[in-house]
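Me: Could you take a close look at one part of this model for me, the helix pair in chain B, and then set it in the context of the rest? I'd like to follow the reasoning as you go.

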Amino acid sequence: MTTDEELIKEISRGNQAAMEVLIKRHYKMIFAYIYRSLGDYHISYDITQEVLIKVIKSIKTYKEDGKFKNWLMKIAVNTCNDYHRSSSFNKIKNHVELDSNIVDEESNILDIMSRKIERQKIKEAIIELPDYQRNVLILKYYHDLKIKDIASMTQANESTVKSRLKQGLEKLKHILERSDARGQIRKSI
Amino acid sequence: MDRYEKAFEIQSDMKDESVEDILNYLNQYTVEFPVEEEIDSTIDVLKQYMPNKNERMAKFCLLVRMAADEITFISKTYWIACTILFIIGYWTTMREIDNPYATIIVFAPLPFVLGILEIFKGRDNGMSEIELSCKISSSEIIISRIILIGIYSVLMNTALACLLYIFDNSIDFMRISVLWLSPFTFISGISLWVVMKIKGAYVVNVLISIWCILAYFAFTNDTVIKILLKLNNAVYLGIIFIGIILIAFQIKNSANRYNNIFERGNEIEAGT
């Protein structure tokens with residue numbers, strides 16, 4: 001299989017087929033990070049496109065150190081951070097959509113609903129986390145990246161990343177407990 | 001190492017059942033990925049941002065094409081002035097039997113220094129802002145004019161050197177070439193540097209006046225003229241090299257300066 005570095009060389013020479021292969025190889029990874037970070041399908045699609053435009057525009061500045069994936073994720077992290085700081089994100093923050101992507105015809109309706117609710121709960125909880133905690137949590141848990149790599153992507157040192165992970169988990173636990181408590185109260189009413 | 005430790009590489013004091021619950025929750029956060037058509041449409045958008053093949057070569061060809069187009073924008077006075085200089089240069093060199101090399105040294109940089117007026121006439125007439133709003137950037141216009149005036153000056157000087165070589169058997173072609181190239185590159189480089197720093201058409205007149213005064217004093221003094229004409233070839237080559245570096249540096253500077261103005265404009269536009 002052609003390596004990322006070989007494809008990048010081809011892209012620098014203007015080879016569109018190489019660009020297509022490289023983008024298709026990493027698209028889902030980038031989209032998954034952005035989606036979990038923003039929680040909205042359409043915005044995530046647009047932001048993914050924005051990230052990839054930045055990647056292609058600056059492909060010649062990539063230093064061949066065999067860590068293209070990390071370079072790509074760093075651009076995605078920075079673009080998401082910029083979006084989180086924007087006014088448009090604050091507007092949609094309180095209107096996170098209820099997705100309907102979990103389809104399992106074998107399951108009964110209650111099971112589907114319950115899974116949807118659980119998914120929605122974790123989605124809202126993740127979005128409620130501060131940027132720096134959400135970033136490290138998604139990168140570590142969903143992308144299985146090393147602490148060292150996350151530190152380089154988020155421009156923090158390794159101990160800071162570890163502490164952000166710990167604090168992020170504690171906060172996530174607290175948010176989920178609060179959400180459960182609200183659910184119990186609603187049920188009892 | 002259990003799942004939790006493996007996933008988070010953090011202290012075990014956080015390890016409890018509730019954290020395991022969080023991990024289970026996290027597992028339920030699945031992603032709805034775009035379909036193939038949507039990914040393909042992103043790829044189509046990306047195609048317009050692809051780096052060009054041989055981008056530098058393409059840019060250079062474009063500048064050369066632009067330089068050819070600029071011929072019509074250069075004033076007739078400049079072409080006439082250069083032709084007169086050429087005739088005077090040939091006539092005086094042929095008359096200077098003792099030292100035919102001296103006059104070509106004096107005349108060599110003049111076509112380029114005069115041409116600087118044409119290169120920067122847009123800027124000096126306050127037209128840069130209008131040029132910046134055009135499809136072709138101000139820096140591209142300046143660089144293409146430098147190329148045009150540079151090529152024309154080299155052709156004029158080469159033609160003069162060839163003519164002198166043909167009609168005067170005592171002239172060594174290599175020597176006359178080195179002798180006109182040294183002042184040509186060095187004075188052109190210095191003049192470009194000065195004009196980039198100081199705005200105004202009068203600067204060219206000042207530069208030409210300084211050059212003529214210096215040449216007059218140098219060539220009316222036998223000792224100085226002997227030293228200048230009998231320098232080691234390596235010294236002449238050194239002067240040519242410095243001159244070329246100076247010109248290249250000014251071209252790069254010009255490209256950066258005007259491009260930065262353009263980019264700043266884009267940033268403002270993007271921010272609004």
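Reply: Happy to. Let's begin with how chain B is connected: among its contacts between residues at least 6 apart in sequence, 76% join residues at least 24 apart. Please keep in mind that this is a predicted model. Chain B holds 14 helices and 0 strands, and of its 272 residues 25% count as buried.

Now to the part you asked about. Helix H7 of chain B covers residues 110-119, and 9 of those 10 residues are buried, so this helix is largely enclosed by the rest of the structure. The buried ones are B:Leu110, B:Pro111, B:Phe112, B:Val113, B:Leu114, B:Gly115, B:Ile116, B:Leu117 and B:Ile119.

The partner to look at is helix H5 of chain B, residues 76-95, which packs with H7(B) at an angle of about 170°, the axes lying 10 Å apart. Angles over 145 degrees count as roughly antiparallel, and H5(B) and H7(B) are therefore roughly antiparallel to each other. On the H5(B) side the contact is made by B:Tyr78, B:Ala81, B:Cys82 and B:Leu85, while H7(B) brings B:Leu110, B:Pro111, B:Leu114, B:Gly115 and B:Glu118. An α-helix has 3.6 residues a turn, so residues three or four places apart point the same way. That is a handy thought to keep while you trace the contact residues on screen. By class, the residues of this contact divide into 7 nonpolar, 1 polar and 1 charged.

How confident is the predictor in this chain? The mean pLDDT of chain B is 78, and 79% of its residues reach 70 or more. Among the elements of chain B, H3(B) has the highest mean pLDDT, 92, and H1(B) the lowest, 53. Residues 260-272 of chain B have pLDDT below 50, and beyond near neighbours in sequence this stretch has 3 contacts in the model. For the complex, the predictor gives an ipTM of 0.77 and a pTM of 0.52.

Those two elements, H1(B) and H3(B), come up again where the chains meet. The contact between the chains takes 29 residues from chain B and 43 residues from chain A. On the side of chain B that touches chain A, the elements giving two or more residues are helix H1 (3-8), helix H2 (17-27) and helix H3 (36-47) of chain B. The largest share of that side, 7 residues, comes from H3(B). Sorted by class, the side of chain B that touches chain A has 19 nonpolar, 5 polar and 5 charged residues. So that you can weigh this against confidence, recall that H1(B) has a mean pLDDT of 53 and H3(B) one of 92.Across the contact is chain A, with 9 helices and 0 strands. Buried residues make up 32% of its 189 residues. Of the contacts in chain A with a separation of 6 or more, 62% are between residues 24 or more positions apart.

What lies at the heart of the packing here? The largest nonpolar core has 47 residues, and A:Ile34 and A:Ala76 are those with the most contacts inside it. Two or more residues each come from helix H1 (4-12), helix H2 (16-38), helix H3 (41-57), helix H4 (68-85), helix H6 (109-128), helix H7 (131-142), helix H8 (147-154) and helix H9 (158-188) of chain A. H2(A) supplies the largest share of this core, 10 residues. Not counting residues up to four places away in sequence, A:Ala76 touches A:Ile30, A:Tyr33, A:Ile34 and A:Val51. Apart from this core lies another one, of 37 residues, which includes B:Phe107, B:Leu164, B:Val195 and B:Val204.

Two loop residues of chain A make a good last stop if you check backbone angles. A:Asp144 is found in the loop between H7 and H8 of chain A, and its phi is near 50°, a positive value in a residue other than glycine. A:Asp144 counts as exposed because it has 9 C-beta neighbours inside 10 Å, where the cut-off for exposed is 12 or fewer. A:Gln155 sits in the loop between H8 and H9 of chain A; it is not a glycine either, yet it has a positive phi of about 55°. With 10 C-beta neighbours inside 10 Å, A:Gln155 also counts as exposed.

Technical notes: Residues are numbered from 1 along each chain as its sequence is written. Chains are lettered from A and ligands numbered from 1 in the order in which they are written. This is a predicted model: local features need pLDDT of at least 70, side-chain atom pairs count only at pLDDT 80 or more; totals for chains, interfaces and linings use all residues. A nonpolar core is a set of buried Ala, Val, Leu, Ile, Met, Phe, Trp, Tyr and Cys residues joined through C-beta atoms within 7 Å. A residue is buried if 20 or more other C-beta atoms lie within 10 Å of its own, exposed if 12 or fewer, and partly exposed in between; C-beta atoms are placed from the backbone. Helices (H or I, at least four residues) and strands (E, at least two) are DSSP runs, numbered from the N terminus. Two residues are in contact if their C-beta atoms, placed from the backbone, lie within 7 Å. Ala, Val, Leu, Ile, Met, Phe, Trp, Tyr, Cys and Pro count as nonpolar, Asp, Glu, Lys and Arg as charged, and the others, Gly among them, as polar. pLDDT is the predictor's confidence in each residue, from 0 to 100. Axes are lines fitted to C-alpha atoms, for helices over the stretch in contact, and angles run from 0 to 180 degrees between N-to-C directions. Angles under 35 degrees count as roughly parallel, over 145 as roughly antiparallel, 65 to 115 as roughly perpendicular and the rest as oblique.
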